[in-house]
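Subject: Structure handover

Hello,

Here is the structure I said I would pass on. Please open it alongside this note.

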Amino acid sequence: LSAMGEPSMDPTIAADSPAQQDSLFSMTDVFLISLITGLFTYWFFFRKKKEEVPELPKMQTAAAPVRDSSFIEKMKKTGRNIVVFYGSQTGTAEEFANRLAKDAHRYGLRGMAADPEEYDLSDLSRLSEIDKSLAVFCMATYGEGDPTDNAQDFYDWLQEADADLSGLRFAVFGLGNKTYEHFNAMGKYVDKRLEELGAQRIFELGLGDDDGNLEEDFITWREQFWPAVCEHFGVEATGEESSIRQYELVVHTDVNMNKVYTGEMGRLKSYENQKPPFDAKNPFLAQVTENRKLNEGGERHLMHLELDISNSKIRYESGDHVAVYPANDSSLVNQIGEILGTDLDTVMSLNNLDEESNKKHPFPCPTSYRTALTYYLDITNPPRTNVLYELAQYASDSGEQERLRKMASSAAEGKALYLSWVVEARRNILAILQDMPSLRPPIDHLCELLPRLQARYYSIASSSKVHPNSIHICAVTVEYETKTGRLNKGVATSWLRSKVPVQQGSSSQVPGQQESSSQVPVQQGSSSLVPMYVRKSQFRLPFKPSTPVIMIGPGTGIAPFMGFIQERAWLKQQGKEVGETVLYYGCRHEREDYLYREELARFQKEGVLTQLNVAFSRDQAEKVYVQHLLKKNKENVWKLVNEGMAHIYVCGDARNMARDVQNTFYEIVSEFGSMSQPQAVDYVKKLMTKGRYSLDVWS
């Protein structure tokens, strides 16, 4: 436009200029209008998005998932009025919950067992919406007074909740073990906390003791619990004691073998196509790269195994536990098949008759009877009384049928017979079938009744700082003769013992790529594979490497301390200041079962292990145990604890050793701290609370 006003401009161009100006002006208008429209449109949509973004999650959270996690809606839909929640680590609490839920029909009530992990427990405040409603809690205590994995969220909610549960009626049965410091802590807490929140207890807290007879404790509680329920709701027993099947059998004659489970815990074909993350429902198939006998003599077989976790993305810390899924002895499985006259390779499914149940099958289906009995079902532990009761109908001999019913009854005579003939004689299901020739149940009903085969936990015997791609296990093979003269073998330790090591990285059979026939489970395809995952623990080295540690671990209790010592050695190599590392170890004979003797001697020589105190219990007339060595060194022990702020770790047998060691600490604290016995006990308890006295024990 500025050029058009120049004097030298051509006249013809000048003559056209008014028309051009009109044209250019309208283009500018169009441009400006377009720009304004565009800006307005952009602003409009931008503003809309800003408003809608926070609303989207609200819409989603109000949708189906909340409804799906409501046990109240499910109970209303299916006509249930009793819900039995279970906190279960090994399956026993779940089993008890199922039994209680099944009992309800005898009283004209309807029950359902429920995993608290699958539901929103804040709905407990709404349970009163259902007539004659009741919540029962079968809660196991795990480790040192902890909730089980599946009850952790429920426990957290209870601690934080300020809900009004005044309309809730409840009862609690706890599963614990008296050899542990915090006996039935979870059951006691749930019972106390529900009452604090206003709920009404309709029957007293039951405390089951696995160190005694857990089954008898449960039956005794249960036989008093139901009359209390009847009285509270004004109902009566219907007298129906008949066996009610929970699952129906479907036999697959024409099935695609690629759709059949062959030992997987969760996802079909997960052992052939391994995908992290690995956990209880998706274990990693680790190869055994070392399996050696640790002891030089004696009747027992103590072993050291190394599992290769390369490329698994599994991470662990010293003190964690490794869980392994074992397999039952094939000869036991075959004998059950022979006695029951069954083709074990029949492919079948057991489908829940309750279509609304979250548990569609008792174990992964479809599968074969052989796979179920090998990988999914517990066939080596003495069966519980409910199994005997259900099986009794299949005994053609009236005497055997009566004997089974008596053992399943709550009568004193029946309980005594069950205790002596089943529990103390360690009769498993095979032994019972052998000793009762007329008892021949259908194999599908037997599979429905038997509990699930559980993972076995071992304290990891290595440090991830030194062995990032390997997990070490230290274990003793369990083998004993029963009162009936049978040889019983530990499922997991016998199975681990049979594992053939492969050289690390040398095998062509990488987990997830091994060959397997359609009927043979993948693990069976290789004698070196172990399905496993890592369970985190609170058993941890002090945050500061300079803090002294006192480790007490006789026998295989030395396992986590091998990891601790390896880690302290590594820290020292990194130039860190490492505090005193003291070990109290014990075994029977110096020349027979002194585990990791060479390794410990090397660590001591290198100055990592500052004290190595070993008790050989049977090398002299008078038995010497770790607690005796603690007493012998009591002054040094007190100095480390009182002045050095040492952390104490105890690993091994809970029934005797851990208790004796704790009593020894009471004595040392009382003597050198100038305290009374109650004060000394309180001092040690405070060490535990502060994380300075840790236990990793079993019974």
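Below is what I found, going from the whole chain down to single residues.

**Overall**

This is a predicted model. The protein chain has 699 residues, and 50% of them count as buried. Its secondary structure comes to 22 helices and 23 strands. Take the contacts between residues at least 6 apart in sequence: 76% of these join residues at least 24 apart.

**The six-stranded sheet**

One open sheet holds 6 strands in the order 14-11-18-9-10-15. The pairing is antiparallel. Neighbouring strands are turned by 40° against each other on average, direction ignored. Which strands stand at the edges? They are strand 14 (456-459) and strand 15 (470-476). Each has a single partner strand, so one side of each lacks a neighbour in the sheet.

At one edge, strand 14 pairs with strand 11 (residues 321-324) over 4 bridges, in the antiparallel sense. Within that pairing, Val324 has Arg456 of strand 14 as its bridge partner.

Strand 9 (residues 284-293) is worth a look too. Of its 10 residues, 7 are buried, so strand 9 is largely enclosed by the rest of the structure. Strand 9 pairs with strand 18 (residues 529-535) over 4 antiparallel bridges. There, Phe284 stands opposite Met532. Strand 9 also runs antiparallel to strand 10 (residues 302-308), joined by 6 bridges. In that pairing, Gln287 stands opposite Asp308.

**The nonpolar cores**

In soluble globular proteins, nonpolar side chains tend to be buried together. The largest nonpolar core here has 71 residues. Which members touch the most others? Val322, Phe363, Leu373, Met407 and Met532 do. This core draws at least three residues from each of domain 2 (274-326 + 455-502 + 526-537) and domain 3 (327-452). A second, separate core has 32 residues, including Tyr180, Val626, Tyr666 and Tyr683.

Met532 links two parts of this note: it is among the core residues that touch the most other members, and it stands opposite Phe284 in the sheet. For Phe363, leave out residues up to four places away in sequence. What remains in touch with Phe363 is Met348, Leu350, Ala372, Tyr376, Leu377, Cys447 and Arg452.

**Helix 13**

Helix 13 covers residues 412-424. Its buried residues are Gly414, Lys415, Leu417, Tyr418, Trp421 and Val422. Note the lysine in that list. What do these residues pack against? The partners are helix 8 (214-233), helix 11 (385-391), helix 12 (398-407) and helix 14 (429-435). Just after helix 13, Arg426 takes a positive phi of about 50°.

**Asn184**

Asn184 sits in the loop between strand 5 (169-176) and helix 7 (185-196). Is this asparagine buried or exposed? Its relative accessible area is 1%; the cut-off for buried is under 20%, so Asn184 is buried.

The side chain of Asn184 has polar company. One of its polar atoms lies 3.4 Å from the backbone nitrogen of Gly176. The backbone oxygen of Gly208 lies 3.1 Å from a polar atom of the Asn184 side chain. Setting aside neighbours within four places in sequence, Asn184 contacts Met139, Thr141, Gly174, Leu175, Gly176, Leu207 and Gly208. Gly176 and Gly208 thus appear again in that contact list.

Best wishes

Terms used
Residues numbered from 1 in each chain as written. Predicted model: local features only at pLDDT ≥ 70, side-chain atom pairs only at ≥ 80, totals over all residues. Heavy atoms only, no water. Buried < 20%, exposed > 50% of the residue type's maximum accessible area, 1.4 Å probe, protein only. Contact = heavy atoms within 4.5 Å. Core = buried A, V, L, I, M, F, W, Y, C linked by side-chain atoms within 4.5 Å. Domains from an automatic or database assignment. Pairing = 2+ DSSP bridges. Axes fitted to C-alpha atoms, helices over the stretch in contact; angles between N-to-C directions. Polar contact = N/O pair within 3.5 Å; in protein donor to acceptor, adjacent residues only side chain to side chain.
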